[in-house]
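Here's a quick tour to read with the structure open beside you. Take it one topic at a time and find each residue as you go.

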Amino acid sequence: MARPAQTHPMQTDPMRAARARPASVHAARPQATRQRSASSDDLGLRRVLGDRMLPLLVAAMAFLASLALAGSVGAELLARHWQEGAASALTVQVPQPTSPAADNSGSRIDRVVALLRGTPGIASATALTDAQLADLLRPWLGAGAQPAALPLPGVVGVHLSDDDATDGGPDLAALGTRLDAAAPGTVLESHGIWVGRLSALARSLQACSWAALAVVAAVAAAVIAVATRAGLAARREAIEIVHGLGATDGYIAARFAARATKLAAMGGVAGSLAALPVLLLLADLAAPFGTTTPAPPPADLPAMVVGWFTALPPTLWLALPCLPLAACMIGFATAQGTVRRWLRQLP
Amino acid sequence: MVRLESVGLHYFRGGQQGPQVLRDISCTIPEGGFRWLLGPSGAGKSSLLRLLHLAVRPTQGRLVLLGADIGRAQRAELPLLRRHIGMVFQDFRLLPHLAAFDNVALPLRLAGRPEGQVRADVMEMLRWVGLGSKTGVRPAELSGGEQQRVAIARAVVGRPSLLLADEPTGNLDDVQAERLMLLLKEMNRQGATVIVASHNDALVARHPGPSLRLDRGRLVDDG
C-alpha cells in the first residue's frame, strides 16, 4: 500500500488531528464561517438529472404555456375592443326614407335623425348617403348593380356617448316606440346581442386557454416528478449513505430541489424565448382586429421591428417573464414533494 | 450508553414480513465501553450494527441509544442521533462521485459546520490516515486499503459518541489492521463507545476485550 514517507499519522499519534482541531478552527479564515450551499452536488445529481432532456421538455411546456397565455390575453383584449366598439353603436333602418313623416314635418329619415339627435345619451346620428349604402351593398349586389333601382331603406348610424354606452345606454324600447310613431316601420337594431355572443365566445376562449395552461403545468410537474424519481432510483445508495451519516429529509430534498429548479428555469427561459417570435407574428396578424383605423405600413425595417414589439399587448410582456418563474416554482415544489415522500420509506 | 431489552428484528420486503434476523437480544454497553461483536457468518452481526446505526428500527423489544428510546423516537429526531454515530462499513460505502476530501467532509457538512472548519479538520484527518496527498482522488482510483482508510476518516472526523465498525480490517494488511486497532482503542480511551464486528480471531486475541457473541440471531455470550 502506497503511503507518504513522512509521519504516517496512524503510525504515530492517531488522535493528534482530533486534538489539533480547536486550533484549526481558530486559524480559519473569515470566510470560513460560510456553510456549503444547497446547490453543492454531494449526491452527484448533475449526472442523473442531466441538463438536456428535462430542460428540453420543460421548454416545450413553456412554449405551449406561452401560446395559451397569449390566447387568453388576446381573447380578453379582442372581447374588450369589440364590446367597447359595438356596445356604443346602433343602426336604425327607415323604410321609404324620403316619404313624409307622420306629422308631415319633413321626410321620414330627417324626422328620425332629428329625434335621435334630441335624445339624451346619443352622441351622434348620421344618415348614410346613397354612395355609402352602395358601398355597403356592393359585396352582395356586385359593382355593376344599381342600388337606386331597389326599394332600399334609409340607414342611420348612431353612436352612444361613452358614459351611456357603459351604463347600458338609453332606453332603447322607448326610443324605438317614439321612432315608430314618427316614421312607422322604423327598425332600431342594437348590436348588444352580438356583443353578448362575442363576449361569451371570448370568455370561452379564455377559459380554454386557462385550462390549457393548467394542463401544461400539470404535465410539467409530472415530467419533473418522473425525472426526480429516476434520479432517486439512480442515487439510492448515495442517499442511503448520507441518510446514515445524519442527513435530514430537508437536506436531501434541498439538493434535488436546487437541481430541478435550475433545470426548470433553463427550460422555462428557453421555451419563453422560443415562443416570442411566434407571438410577435400572431400579434402582428391580429393587430387589424384591434383597431378601427388601419396602421400605415412601416417606413423601414427598424420601424417594422418596433411595430412587431409594440403589437404585443403590455399584459403579455409582463406575463411572459412569469413563465420561467412559474417553471422554477413547479420544479422546486415537485422535487421537494417527490423526494420527501420517497424518503418516508427510510427510517 | 447502549441498552437492548429483548430486541428482535424482522426485515420487510414489499410490505411482507421476512425472516427474523435478531431474536430476544438483551445487553447493556456502558458509555465509553468496548465490545467485540463475534459470531459466524449469518449470525446477525451486521444486522445488529445496522440496528445500532439506526438504519433500521427494532421490530420487537426496546433499544435505548445515546439516551433516546429508538422505538418511540420521532423520525425527525433520528438524523441528529446518527450524527453522533460513526460507522465503518465492510464495503466502505464511499460516494464514488466525490473526492476523498469531500467524502470525509460529508459528516461535518451535514452537521452544518462552517466550510473553513471543515477544510481544516478534513485535511488534518486525511493526513492522519496517510492520505494527505490524495485529497482530490476519487474512490475508484484508490486501493482497497486506501478506501478503507477514507471510510475510517469519515467515521471518526465528527468525533462520534458511538463508533461502530463492521469487519474494518477486512481490506487491510496486518500492519494497517494493527494501526486501526490502536486508533479504535484511542477513540475508546477518549470516551467513545466502540463496537467492532470481526472474523479475525488473531486480531481479537491480540486485543482482548469484552465481547458479544451471536449465533443464528441470538446473543449466546456477553462477557
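**Starting in a loop**

Let's begin with A:Thr248, which sits in the loop that links α9 (236–244) to α10 in chain A. Keep in mind that you're looking at a predicted model. A:Thr248 has 18 C-beta neighbours inside 10 Å, and since a residue needs 20 or more to be buried and 12 or fewer to be exposed, A:Thr248 counts as partly exposed. Now look for A:Ala101: it is 147 residues away from A:Thr248 along the chain, and their C-alpha atoms are 91 Å apart.

**Chain A as a whole**

- Chain A has 13 helices and 4 strands.
- Of its 347 residues, 29% count as buried.
- Take the contacts in chain A with a separation of 6 or more: 86% of them join residues 24 or more positions apart.

**How confident is the prediction?**

- The mean pLDDT of chain A is 81, and 80% of its residues score at least 70.
- Which elements of chain A have the lowest and the highest mean pLDDT? Helix α1 (residues 16–27) is at the bottom with 41, while helix α13 (residues 322–343) is at the top with 96.
- Residues 1–12 of chain A stay under 50 in pLDDT, and the model gives them 25 contacts beyond four places in sequence.
- Residues 17–31 of chain A are also below 50, and here the model has 19 contacts beyond near neighbours in sequence.

**Two helices that cross**

- In chain A, the axes of helix α10 (residues 249–286) and helix α11 (residues 301–311) come within 8 Å and cross at roughly 90°.
- An angle from 65 to 115 degrees counts as roughly perpendicular, so that is how α10(A) lies to α11(A).
- Where do they meet? On the α10(A) side you'll find A:Leu280, A:Ala283 and A:Asp284, and on the α11(A) side A:Trp308, A:Phe309 and A:Ala311.
- The residues of this contact between α10(A) and α11(A) are 5 nonpolar, 1 charged and no polar.

**The nonpolar cores**

- As a rule, nonpolar side chains in soluble globular proteins tend to be buried together.
- Here, the largest nonpolar core has 117 residues. The ones with the most contacts inside it are A:Val58, A:Val242, B:Val104, B:Leu126 and B:Leu163.
- Try picking out B:Val104: leaving aside neighbours within four places in sequence, its contacts include B:Val122, B:Leu126, B:Val150 and B:Arg154.
- There's a second, separate core of 15 residues, and A:Val92, A:Leu116, A:Val156 and A:Leu179 are among them.

**A covered helix in chain B**

- Helix α1 (residues 45–52) of chain B is mostly covered, with 6 of its 8 residues buried.
- The buried ones are B:Lys45, B:Leu48, B:Leu49, B:Arg50, B:Leu51 and B:Leu52.
- After α1(B) comes B:Leu54, which has a positive phi near 65°.

**More positive phi angles**

- Most residues other than glycine have a negative phi.
- A:Gln96 isn't a glycine, yet its phi is positive, near 45°. You'll find A:Gln96 in the loop between β1 (89–94) and α4 (108–117) of chain A.
- A:Gln96 has 16 other C-beta atoms within 10 Å, so it is partly exposed.
- B:Ser6 isn't a glycine either, and its phi is positive at about 50°. B:Ser6 belongs to strand β1 (residues 2–13) of chain B.
- Is B:Ser6 buried or exposed? B:Ser6 counts as exposed, because it has 12 C-beta neighbours inside 10 Å.

Terms used
Residues numbered from 1 in each chain as written. Chains lettered and ligands numbered in written order. Core = buried A, V, L, I, M, F, W, Y, C linked by C-beta atoms within 7 Å. Contact = placed C-beta atoms within 7 Å. Axes fitted to C-alpha atoms, helices over the stretch in contact; angles between N-to-C directions. Helix = DSSP H or I, 4+ residues; strand = E, 2+ residues; numbered from the N terminus. Parallel < 35°, antiparallel > 145°, perpendicular 65-115°, else oblique. Nonpolar A, V, L, I, M, F, W, Y, C, P; charged D, E, K, R; others polar. pLDDT = per-residue confidence, 0-100.
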